[in-house]
Amino acid sequence: MNNTNSSRRDFILNAGKATVAAGLSFSVLPALANELTKGSGPEQFFVQQPLPYAYNDLEPFVDALTMEIHYSKHAAAYLKNLNEAATAEIKSAGKITLEEILKNISKYSSKMRNNVGGHYNHEFFWQCMLPSNTSKPSSNLSEAIVKNFGSYENFKTQFSDAGKTRFGSGWAWLIVTPDKQLKICSTPNQDNPLMDIAEVKGTPILALDVWEHAYYLKYQNKRPDYINNWLGIINWNSVSQQFDKAMI
Ligand code: MN
């Protein structure tokens, strides 16, 4: 690792500590605390959290240029369009969270659907990856994986297949269903399992972006190679924490 990387990571760690020190809600997935407050002075818009690693930290599995364009162009554009949609469509005063919008997405425009999904999904996705990865599922999560899928190997196969067989652009998900079971599913475009229009509903604990913008520069048409490599950088610490939260 070079000094630039170290400095960036130190900066991010320190920024995280500063946020906690300021008493703001800053849980495992900062995106889950993302909320908009209307009607009490200058509006606080939804924001992108800093990436928890440098653009080149996921090399060679995900290349630096892909990460940079993905985070600073694609994801940033979803955020900009989300804030436009929120300004136009959210009229009532008070706080509203991303989850509240997602749960009622059928009441909003397609612009809101595409961009609140695009923002939420990417903020979630960044947390699902870990550089120099040695993380493993917690014992609770391991037990649930074996119970629901038979084995860890079966889980990997089914999750990969969900990503490989999603036609066009979309996402593969590992979710906790309302009856507290693990389930694998996929969604088109920027939809997600929190949306009231989702075919399979539940709380996401792992997300894989299979849009071409997530892998095309390095993998071109070889989506299966991207997915196979991506399985090696799953941040199981984060997934395990999300699992525990979803099981409460
Ligand atoms: Mn993406």
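Which residues coordinate the manganese ion, and at what distances? The legends below refer to a predicted model and begin with this site.

**Figure 1. Coordination of the manganese ion.** The ion is bound through NE2 of His 70, NE2 of His 122, OD of Asp 209 and NE2 of His 213, at 1.9 to 2.1 Å. Along the sequence, these donor residues follow the spacing H-x51-H-x86-D-x3-H. Distant parts of the chain are linked here: His 122 belongs to helix H4 (residues 110–127), whereas His 213 lies in the loop between strand S5 (203–209) and helix H7 (216–219), 91 residues apart. His 122 is buried, with a relative accessible area of 1%, and His 213 also counts as buried, at 17%.

**Figure 2. Salt bridge between Glu 84 and Lys 111.** The two side chains meet at 2.5 Å, N to O. Because Glu 84 lies in helix H2 and Lys 111 in helix H4, the pair ties together parts that are 27 residues apart in sequence. Both residues are partly exposed, Glu 84 with a relative accessible area of 35% and Lys 111 at 34%. Together with Lys 80, Glu 84 and Lys 111 are linked in a network of salt bridges. The whole structure contains 5 salt bridges.

**Figure 3. Salt bridge between Asp 191 and Arg 113.** The N to O distance is 2.8 Å. Asp 191 is located in the loop between strands S4 (182–188) and S5, and Arg 113 in helix H4, so the contact ties together parts 78 residues apart in sequence. Asp 191 counts as buried at 8% relative accessibility, while Arg 113 is partly exposed at 32%.

**Figure 4. Salt bridge within helix H6, between Lys 156 and Glu 153.** The side chains meet at 3.6 Å, N to O. Since the two residues are 3 apart in helix H6 (residues 152–165), about one helical turn separates them. Lys 156 is partly exposed, with a relative accessible area of 25%, as is Glu 153, with 48%.

**Figure 5. Aromatic pairs and a charge over a ring.** The count of aromatic pairs comes to 17. One of them joins Tyr 55 and Tyr 71, whose ring centres are 6.4 Å apart and whose planes stand at 55°, so the pair is tilted. Tyr 55 lies in the loop between strand S1 (35–38) and helix H2 (64–89), and Tyr 71 in helix H2, 16 residues apart. Trp 171 and Trp 173 form a stacked pair, with 5.7 Å between centres and 25° between planes; Trp 171 and Trp 173 are each buried, with a relative accessible area of 0%. Elsewhere, the charged end of Lys 218 sits over the ring of Tyr 219, 5.8 Å from its centre.

Note on methods:
Residues are numbered from 1 along each chain as its sequence is written. This is a predicted model: local features need pLDDT of at least 70, side-chain atom pairs count only at pLDDT 80 or more; totals for chains, interfaces and linings use all residues. Side-chain values use heavy atoms; hydrogens and water are left out. Rings of Phe, Tyr and Trp (its six-membered ring) pair if their centres lie within 6.5 Å; planes under 30 degrees apart count as stacked, over 60 as edge-to-face and the rest as tilted. Helices (H or I, at least four residues) and strands (E, at least two) are DSSP runs, numbered from the N terminus. Buried means under 20% relative accessible area, exposed over 50%, partly exposed in between (1.4 Å probe, protein chains only). A charge sits over a ring if NZ of Lys or CZ of Arg is within 6 Å of the ring centre and within 35 degrees of the ring normal. Donors are N, O and S atoms within 2.8 Å of the metal (3.2 Å for Na, K and Ca); water is not among the atoms, so sites may look incomplete. A salt bridge is a side-chain nitrogen of Lys or Arg within 4 Å of a carboxyl oxygen of Asp or Glu.
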